[in-house]
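Colleague: Please take one close look at the nonpolar packing in this model and at what surrounds it.

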Amino acid sequence: MQQLATSLKKSTKSKALAAWLRTAKQVVLQRLREAEREVVLAEYEDKIGTVVNGTVQRVEPRVIRVELGKATGIIPQSEQIQGEFYSIGSRIKVFIKDIERDNRGPQLILSRGNEAFVEYLFRQEVPELETGAVEIKAIAREAGRRTKLAVASSVPGVDPVGTFVGGHGTRVQ
């Protein structure tokens with residue numbers, strides 16, 4: 001009888017120790033995942049305000065998840081273009097708007113409806129922007145419907161509107 005009581009005590013102690021070890025392992029792994037995520041997002045901190053290419057990973061009712069390589073970001077409904085459909089696996093350009101830090105950890109916020117996104121796209125298409133011959137004064141945007149640009153030229157003889165529209169409307173559709 002005494003042997004049975006001793007073995008029960010030992011098995012109870014070993015079960016408690018095993019449960020404690022499992023909990024400790026889970027805590028350590030969770031902290032490690034959080035630290036890895038912080039390091040990856042720290043790499044993207046200096047890319048805030050730029051446009052990057054990504055792959056649509058998951059489409060949810062209010063959020064689109066986009067894979068950017070090492071990190072995954074979200075496009076909230078407020079930053080999506082109304083009427084635009086995203087299919088899983090498609091490649092899209094997104095504007096890195098911000099990194100939100102909340103109780104669930106840091107989150108990369110992306111946008112396709114931001115005015116800076118339009119400016120970046122025009123900087124890619126209009127070489128006169130880089131040389132300083134023309135400049136964008138203001139941008140007004142209703143994402144998915146219309147975008148208005150106020151442009152000016154600092155060089156006499158350069159038509160700023162014609163520069164942005166391009167020959168036969170090739171730069172603007």
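What follows is a single answer on that part.

Modeller: This is a predicted model, in which local features need pLDDT of at least 70 and side-chain atom pairs count only at pLDDT 80 or more, while totals for chains, interfaces and linings use all residues. Residues are numbered from 1 along each chain as its sequence is written, and side-chain values use heavy atoms, without hydrogens or water.

The largest nonpolar core (buried Ala, Val, Leu, Ile, Met, Phe, Trp, Tyr and Cys joined through side-chain atoms within 4.5 Å; buried is under 20% relative accessible area, exposed over 50%, partly exposed in between, 1.4 Å probe, protein chains only) has 19 residues, and Leu 68, Leu 108 and Leu 110 touch the most other members. Two or more residues each come from helix 1 (2–45), strand 1 (51–59), strand 2, strand 4 (91–102) and strand 5 (105–111) (DSSP runs: helices H or I, at least four residues; strands E, at least two; numbered from the N terminus). Strand 4 contributes the most, four residues.

Beyond neighbours within four places in sequence, Leu 68 is in contact (heavy atoms within 4.5 Å) with Tyr 44, Val 52, Asn 53, Gly 54, Val 94, Leu 108 and Leu 110. A second, separate core holds eight residues, among them Phe 122, Leu 129, Ile 136 and Ile 139. Phe 122 is buried in helix 2 (residues 115–125), as are Phe 117 and Val 118.

Strand 2 (residues 63–67) runs antiparallel to strand 3 and is joined to it by five bridges (pairing takes at least two DSSP bridges). Ile 64 stands opposite Ile 75 of strand 3. The two strands form a hairpin with four residues between them, and Gly 69 in its turn has a positive phi of about 110°. In strand 3 (residues 72–76), four of the five residues are buried.
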